[in-house]
Amino acid sequence: MSGHSNYEPKTGIERWLDTRLPIVRLAYDSIIDFPTPKNLNYWWTFGGILAVCLGIQLVTGIVLAMHYVPHVDHAFASVERIMRDVNYGWLIRYMHANGASMFFIAVYIHMFRGLYYGSYKAPREVLWILGCVIYLLMMATAFMGYVLPWGQMSFHGAVVITNLFGALPIVGEAITTWLWGGFAVDNPTLNRFFSLHYLLPFMIAGVVGLHIWALHVPGNNNPTGVNVKSKEDTVPFHPYYTVKDGFAIVVFLILFASFVFYNPNALGHADNYIPANPLVTPAHIVPEWYFLPFYAILRAVPDKLGGVLLMFGAIAVMFVLPWLDTSKVRSMRYRPTAKLYFFIFLLACLILGYCGGQLPDDHVIPHLSTFTLIDADLNSFVWLSRFAALYYFAYFLVILPILGLTETPLPQPESISAPVLSHPANAPAGAAASPEKRG
Amino acid sequence: MFRWPYQNVWQGRRRDRSGFPVRSEGSRSLRPQTKGSFKVADTVVGANPDTHAAGDDPNRRDFIHIAAAVAAGGAVASLAWPFIDQMNPSGDTLALASVEFDLTKVELGQQVVIKWRGKPLFVRKRTGAEIAAAIKDDKADLRDPQTDEERHKPGKAEWLVVIGTCTHLGCVPTFGGGDFGGWFCPCHGSHYDTSGRIRKGPAPKNLAVPDYAFLSDTKVKVG
C-alpha cells in the first residue's frame, strides 16, 4: 500500500489490468511481498485470526438475516425456527453466537499484545486509534445483535444500556426516547437495532481496511520494539506469515469448533431462552461476558451519571494512550518495572470481569463479614471492583505517564537481528572468544 | 482533441492550445507532458483569478466557492433533521399513549401491573400500615424529597399509581423486597419505600407518578 513495489505483471492480462486498476499489485504488495519483521511471535497472529472472525460473522449473519423476523411478536419464534426447522440453522446460529465471543477473545488478546509491546507508540498512533474505533463498533454491533433474539436478557439488557444515556443531564430523556422510538424498548427499537446490526459490520470492515492501510505505512511493530533497520530484519509476508497465521487460525478454529459443537450455550445466559417480558426483570441481569469489566466499573460508582461517565471513560482513555505513555522504549521486554505493572493491569481487568458477573453486595470471601466502608462491606464485590477500577485508570493516567520518566529500561538490541545472531546457538566457531557481545 | 462538455466553466483560466488550463505563475500547462511534442504556452502573469494575495477582497471565484458550499451545506443540514427525527416516536406510537383501568380488580394490599406505553405501571391499593409508614418517613432524609401526600391524588391515599421502571437503568423493581417495605430493584440494588420513594441504592429519583385522573371512584385514566 505504500512505498516501493516489486510487483511485475507476468501475463498480458495482468499488465492490461495493472495500468487500469492495480489491484493485483495492491494484493501482491500487501500480503505476498510485504516486508515483515522476522521475529514476530504467535501473539502477532491475532490480526489474521480477527479477519477470519469478521468474515465468519458476516457470512453467518447474512444467512441468519434470511430467516430472522425483526418484530416483537415474531423475533423469538423466528430464532427458535432457525434452531429447529431451518436446515443447519442450529449450526449457523451457534457459529454466529459463539463467533461473537471468539471475536472478543481474539480482540482482547490483540489489544493486550499492543499494550505489552508498545504497538500504540509513534509512528503507530493512528493505527492504534483506528483499532479503538473498531473495538467500539464491535461493542455496538455485539450489543445490538444480542437484543435481536428478544429473550429476557436481550430485552432487559437493551433497557439497561439505552437507559445509560438517560443519565446525561437535560438531554438524557430526549435521547433515550429517540433511541427507543417510543416510551420504552419496543418494536421500533428492535427494528432499528436489526438495521444497524446489519450495517455496522460493514463499517467495521471499512475501518479494518484503514487499520491495515495504517499498518502498512510504518510496518509491523515486533517483540523487541526496535525499528526495522535493514532488509536483514524482515522476511516477505508470504510464505512466512501466511503459514504462521494459517496455523494459528487452525488452532483457533479448533477452540471455536469445540464451543460450537460441544458447549454452544456455555458463553450465553439461560434466561435468554425465555421470551422477552417487559413486566418482569430477571433476578440477576448480566451482560455478555465481554462487557463484564465495563459493567463492573458502571456498578462500582454509587452515582448514576458518574458510573456512566466512568464506564465510557474506560474506553475513551484508550484513545489517548499514545500520548499518556511517556516511555520511548516500545517493548516491555526492556521495561522490567512497566512489565510488572502491566501484569497487574491484566489481573485488574480479569478481576473487573469477574466482579461484573457477581452480585455487588455478595462477599468475595464467603461467610466473612468485615466492616462497612461508606456504603458496603469491604469484603464485597462492589469494593473489589472499586479497587480494580481505580487501578485500571491509574495504569493509564498515573503509572504510564510517570514510569516513562523515572524507570531505567534495560538496553535494547541494536536491531531485530542482533539478539538472534549473537545468541550462542548461532555463534560461528571462535565467536565464544567475545562473550560480552551476547544478547 | 477531446473536450469536456462543460469546459467553458473554466473560463477564467488561461489555456494552452489544446484547451488544458495553464498554471497560474508559470508557463506549464496542466496537460500531461510528453517529451518533445509539447509547446510551452505564453506566460501571462495575473491572468488567473484563482490567485490573489492574502488579505485581498474576495473575488468572484471565491464568492462562487462560498455560495456553493453554503448551498450544499444548507441542503444537507436541512435534510439531516428528517433523518434524525424519523427515529422519534411515530404518530401511531403516540396515539396509543393512554389507558383506562378498572380499580375493582385490585384487592387491599395488592398490586396490579398493567402495560402503559410499553412500560409496566404499578397500581397499588395500600394498607393503612403502609400509608402510615410512608407518612412517617416524610421527614426522613430523602434523596428526592417528596411527601407521601404529593404522590397520590387528594383523598385517595390508598391508591398509589407509579411507573414500574427503576429510575436507575429501567429494570422492573419487585414489590415486597428491600429494606423499606416497598420495592427492590434486582439489577443494581435500589430500595424504594411504600410510597415508591428512593431510599437506598444507585437510583437518583423516586418511582415516577404518571399523569392520571380518576374518571369515577373505580376507574382511572392514565396518560
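These are my notebook entries on the contact between two chains and on the cysteines of a predicted model.

**Entry 1: where the chains meet**

I started with the contact between chain B and chain A, and I found 26 residues from chain B and 26 residues from chain A in it. I then looked up the buried area, which is about 2,300 Å², with 66% of it from carbon and sulfur atoms. Met87(B), Leu169(B) and His188(B) supply 27% of the area that chain B buries against chain A, more than any other three residues.

Next I checked the polar side of things. I noted zero salt bridges between the two chains, but seven residue pairs in polar contact. On the side of chain B that touches chain A, helix H2 (91-95), strand E2 (111-116) and strand E3 (119-125) each give two or more residues. E2(B) gives the most, with three residues. Sorting that side by class, I get 14 nonpolar, nine polar and three charged residues.

**Entry 2: the cysteines**

How many disulfides are there over all chains? I count one. Cys171(B) and Cys187(B) form it, with their sulfur atoms 2.0 Å apart. The torsion about their S-S bond is about -100°, so I wrote down "left-handed". The two cysteines are 16 residues apart: Cys171(B) lies in the loop between E4 and E5 of chain B, and Cys187(B) in the loop between E6 and E7. Cys171(B) is buried at 1% relative accessible area, and Cys187(B) is buried too, at 3%.

Then I turned to chain A. Cys53(A) is in no disulfide, as the nearest cysteine sulfur, that of Cys132(A), is 18 Å away. Why is Cys355(A) not bonded to Cys349(A)? Their sulfurs are 12 Å apart, which is too far for a bond. Cys355(A) is buried, with 2% relative accessibility.

Key. Residues numbered from 1 in each chain as written. Chains lettered and ligands numbered in written order. Predicted model: local features only at pLDDT ≥ 70, side-chain atom pairs only at ≥ 80, totals over all residues. Heavy atoms only, no water. Contact = heavy atoms within 4.5 Å. Buried area = accessible area lost by both parts, 1.4 Å probe. Salt bridge = Lys/Arg side-chain N within 4 Å of Asp/Glu carboxyl O. Polar contact = N/O pair within 3.5 Å; in protein donor to acceptor, adjacent residues only side chain to side chain. Helix = DSSP H or I, 4+ residues; strand = E, 2+ residues; numbered from the N terminus. Nonpolar A, V, L, I, M, F, W, Y, C, P; charged D, E, K, R; others polar. Disulfide = S-S within 2.5 Å. Buried < 20%, exposed > 50% of the residue type's maximum accessible area, 1.4 Å probe, protein only.
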